[in-house]
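Please explain how the cysteines of this protein are placed, which of them are paired, and how far each is covered by the rest of the chain.

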Amino acid sequence: MAAHLLAHEVADLCLGKPPLRSLSVSATIGEALASLKSCEENCISVWDCDHFKNVDCICVGKICMVDIICFLCKKENVNSPSLALKSPVTALLPQDSVLVRHVQPSTSLLEAIDLILQGAQNLVVPIETRFSGSSRRKLLQKSSSTRGCTLHNGRKFCWLTQEDVIRYFLSSIGLFSPLPTASIDALGIISTEFLSVGYHSSASLATEAISRSLVDQTSVAIVDEDGALIGEISPFTLACCGETVAAAITTLTAGELLAYIDCGGPPEDIVRVVKERLKERNLEGMLEEFEIDPSDISSNSSLSDEELPSPTSSRSSGGRYNKSSSYSARMVRRAEAIVCYPGSSLVAVMVQAIAHRVNYVWVIEEDCSVVGIVTFANMLEVFRDQLESMMLGHFD
């Protein structure tokens, strides 16, 4: 069984993946923003290419909307976001280049997992074209018309992510029995260190935590005075809001930010609050740059004080987090955290995370207090250990 699983190469997990959209390392942040708005992908790869020196192109990182949002929220940029957007895109790239790693299509699954556990978020894999004749020509014509797709070293590339590997294990989950039915508590994969901010705290205080959650591929919990989970500031959710959410983060509390990102469009009353506070703080540059389009405002989301989200609004009448709603949080309340319990099985949490396209699930007690968080990286460690045990058992 282990031999069957480990016989696969990363190329097998990349079948059907679209080629990467790319951006030159010499581009500006404004150009990165325009590129992100024109595509459906959550992030864009950044490449360093010097064709005059005939040096191989290298993917040096990736940029997503949340990188730009956090950059615009910095103290030195809030007064003049238009000037900040003229900064080089390299200002958004972390110093640690381990987040993106190049690998060959023949790289083994085990090697790929090790790279991910060492900190890689995305593995850059050359796309192999296993066709010939007319089929190959048609495929090349189709891929060459892909908007924003660029050849590097005469080849196209795709991402391999943590989610891809977890999906692969889920498709073969029966081979790992009885591991999948074990509770996440029993497996010891609940991380008790997590990012959080108080419900009544200024959202701007969470900017650094949001940046950190993007690197860790997690989220920032919003908790009340008792440590109960109210919601989350998720990079995934912020990316759906666009760069205008930078003005909301700068002016609102964490609780108010929940309402801003929670209704399918910023509520008119909260938009008014953002504008007023920008004026009070003399942030006219941000006000002009991020004038909210009325078409983006939720048509029925004019909220009274009584309707603003409270620290108890995400729970059922019994004071507990509603289990059924947590499974459809992305469709119902985008800022409502996806939750499970210490006794939840590994496979249930895997399915839950994949269904909501997140790399983590919050772990709470019956009283909604936060126990910790389970991430795809935590899960991959367990599968990595299990594969090693299976291999040893096979050779024995």
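Cys57 lies in strand β3, which spans residues 55–64; strands here are DSSP runs of E with at least two residues, just as helices are runs of H or I with at least four, and both are numbered from the N terminus. This is a predicted model, in which local features need pLDDT of at least 70 and side-chain atom pairs count only at pLDDT 80 or more, while totals for chains, interfaces and linings use all residues. Residues are numbered from 1 along each chain as its sequence is written, and side-chain values use heavy atoms, with hydrogens and water left out.

From strand β3 we can turn to the partner of Cys57, which is Cys49: the two form a disulfide with their sulfur atoms 2.3 Å apart, where a disulfide is defined as a pair of cysteine sulfur atoms within 2.5 Å. By this rule the count comes to one disulfide, and the link between Cys49 and Cys57 is right-handed, with 130° about the S-S bond. Cys240, by contrast, is in no disulfide, the nearest cysteine sulfur being that of Cys241 at 6.6 Å.

How buried or exposed is Cys57? Cys57 counts as buried because its relative accessibility is 4%, and the term buried means under 20% relative accessible area, whereas exposed means over 50% and partly exposed lies in between, using a 1.4 Å probe and protein chains only. Its partner Cys49 has 28% relative accessibility and therefore counts as partly exposed. Cys240, at 47%, is likewise partly exposed, while Cys340, at 2%, is buried.

Returning to Cys57, its C-alpha atom is separated by 9.6 Å from that of Gly154, although these residues are 97 residues apart along the chain.
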